[in-house]
Amino acid sequence: MELNLDATDKRLLGALIRNSRLPMAKLAKSAGVSREVATYRLQRLKDRGILLGYVTEIDMEKMGYVGAAVFVATKTQRESELKEYLKTSPHICWVGEHVGIWDFGMSIFGKTIEEVDEKFRTMQEKFKGIIIDHRFTQHKRNHYYYEKLFGIPLFKPFARARSHILDPIDKTLLRELASNSRSDYTYLSKKVPLTAQAIKKRIKTLESCGYIKKYTVFLDYSKLNIYQYSIFIVNKNIDDRRKLLAFLAEHQDVCFICEYIGDPFLEFGVFVDDPYKLRRIIRVIGESFPDNRIVEHSLQKELVSFGPAKCVFE
């Protein structure tokens with residue numbers, strides 16, 4: 001798959017996809033350029049609207065929160081108001097704009113599934129008559145494979161250590177890293193009463209205890225001439241489901257898989273540089289797993305990254 005990037009930009013973004021906290025010297029070395037060139041190139045990627053942010057993926061379940069994927073079909077009235085609401089709500093993270101059965105997808109988080117339902121009902125009431133249909137499904141597990149697009153090895157999870165109880169300093173560090181995963185120790189030392197070395201040790205603890213899952217980037221893939229599709233497949237056979245999950249995880253064009261609690265659906269994402277290639281991918285999956293059924297697919301563009309919802313820091 002050809003990306004709308006030269007070799008240097010591709011190497012820079014590939015390195016950041018795997019670890020967006022790489023020091024600039026290591027990042028530049030991975031791309032085979034000087035620090036000055038790397039700094040210039042990153043700024044240019046931002047100016048072109050390709051590089052939208054530096055993201056820290058945080059385990060929200062360990063933070064005491066549960067989430068649900070919610071898809072809504074809407075009328076066109078008040079769409080800009082709805083988008084702004086989705087982007088700024090403290091209980092919402094990851095928002096996608098869809099072309100298909102649904103118009104928007106999102107993840108809503110709360111301390112209980114009842115609270116998640118309450119937050120959705122509040123939104124539904126606020127946009128009564130605008131939201132005309134919806135699907136509400138509780139999250140189980142999400143898997144991300146965006147490294148495949150850049151032809152690099154998948155990120156290996158941090159080694160797990162003993163449990164750790166968060167204190168206010170930990171939460172402040174997580175909040176700052178969620179806002180910008182490249183926040184340096186000097187900047188962070190102005191936010192918490194610790195030395196840079198002590199902050200570094202704290203962050204290592206948050207990684208090894210599983211609160212921090214990964215550092216990555218938020219990209220506008222449409223600027224790279226790449227189309228991202230969300231596909232729902234029905235699978236009720238447990239043995240077949242395991243094989244399907246393994247098949248999708250290994251497929252070179254699959255960029256994410258979402259599993260839901262008590263739901264026969266699996267959702268997965270596919271990157272293509274030609275929309276017609278989606279047909280071939282769907283046919284291959286259908287022939288490989290004839291007892292499964294693809295029930296819907298939609299073109300999507302992410303408006304908000306899969307970083308944590310702001311409510312987890314309250």
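**Stop 1: the largest cavity**

Begin with the lining of the largest cavity in this predicted model, which by class holds nine nonpolar, two polar and three charged residues. To find the spot, select Tyr-146, Thr-216, Val-217, Tyr-221 and Phe-306, the closest to the cavity's centre among the 14 residues that line it. The volume of this largest cavity is about 100 Å³, and the structure holds one cavity of 30 Å³ or more.

Which element gives the most to this lining? Colour E6 and you have it: E6 supplies five residues. E1 and E6 each supply at least two residues of the lining of the largest cavity, so keep both in view as you move on.

**Stop 2: helix H6**

Strand E6 covers residues 212-219, and it leads us to helix H6, residues 168-179. Select H6 and you have twelve residues that reach 17 Å from the first C-alpha to the last. That is close to the 16 Å expected at 1.5 Å a residue.

Now show the side chains of H6 and ask which of its residues are buried. They are Ile-169, Asp-170, Thr-172, Leu-173, Leu-174, Glu-176 and Leu-177. Notice that this list includes Asp-170 and Glu-176 as well as leucines such as Leu-173.

What do these buried residues pack against? Their partners are E1, helix H7 (185-189), helix H8 (196-208) and strand E6. Colour each of these elements in turn to see the surroundings of the helix.

**Stop 3: the largest pocket**

Next, select Phe-109, His-139, Arg-141, Asn-142 and Tyr-144. These residues lie nearest the centre of the largest pocket, which is lined by 33 residues. The pocket has a volume of about 640 Å³.

Several strands give two or more residues to the lining of this pocket: E1, E2 (66-74), E3 (92-99), E4 (104-110), E5 (131-144), E8 and E10 (293-304). Which of them gives the most? Pick out E5, with seven residues in the lining. Colour the pocket lining by class and you should find 17 nonpolar, eight polar and eight charged residues.

**Stop 4: Asp-9 and its arginines**

Move now to helix H1, residues 7-18, and select Asp-9 together with Arg-41 in helix H3, residues 35-47. Their side chains meet in a salt bridge, at 3.0 Å from N to O. The two residues are 32 apart in sequence, and the pair links distant parts of the chain.

Is Asp-9 buried or exposed? Asp-9 has 1% relative accessibility and therefore counts as buried. Arg-41 is buried too, with a relative accessible area of 15%.

Add Arg-48 to the selection. Asp-9 forms a salt bridge with this residue as well, the closest N and O atoms being 3.9 Å apart. Arg-48 lies in the loop between H3 and strand E1 (51-58), so this pair ties together parts that are 39 residues apart in sequence. At 34% relative accessibility, Arg-48 counts as partly exposed.

**Stop 5: a bridge within one helix**

For a bridge inside a single helix, select Arg-121 and Asp-117 in helix H5 (residues 113-126). They sit four residues apart, about one turn of the helix, and their side chains meet in a salt bridge at 3.2 Å, N to O. Arg-121 is partly exposed at 39% relative accessibility, and Asp-117 is partly exposed at 27%.

Before leaving the salt bridges, go back to Asp-9 and add Asp-6 and Arg-44 to Arg-41 and Arg-48. Salt bridges that share partners join these five residues into one network. The count for the structure comes to 19 salt bridges.

**Stop 6: His-251**

Finish at His-251, in the loop between helix H9 (238-250) and strand E8 (254-260). His-251 counts as buried, at 15% relative accessibility. Which residues does it touch, leaving aside its neighbours within four places in sequence? Show Lys-148 and Ile-281, which are both in contact with His-251.

For a last look across the model, draw a distance from the C-alpha of His-251 to the C-alpha of Ala-7. The two are 244 residues apart in sequence and 24 Å apart in space.

Notes. Residues numbered from 1 in each chain as written. Predicted model: local features only at pLDDT ≥ 70, side-chain atom pairs only at ≥ 80, totals over all residues. Heavy atoms only, no water. Salt bridge = Lys/Arg side-chain N within 4 Å of Asp/Glu carboxyl O. Buried < 20%, exposed > 50% of the residue type's maximum accessible area, 1.4 Å probe, protein only. Contact = heavy atoms within 4.5 Å. 1 Å grid on protein atoms, 1.4 Å probe; cavity = no way out; pocket = protein on both sides within 12 Å on 5 of 7 lines; lining within 4 Å. Points joined across faces, edges and corners; volume = space filled by probe spheres on them. Nonpolar A, V, L, I, M, F, W, Y, C, P; charged D, E, K, R; others polar. Expected span 1.5 Å × (residues − 1).
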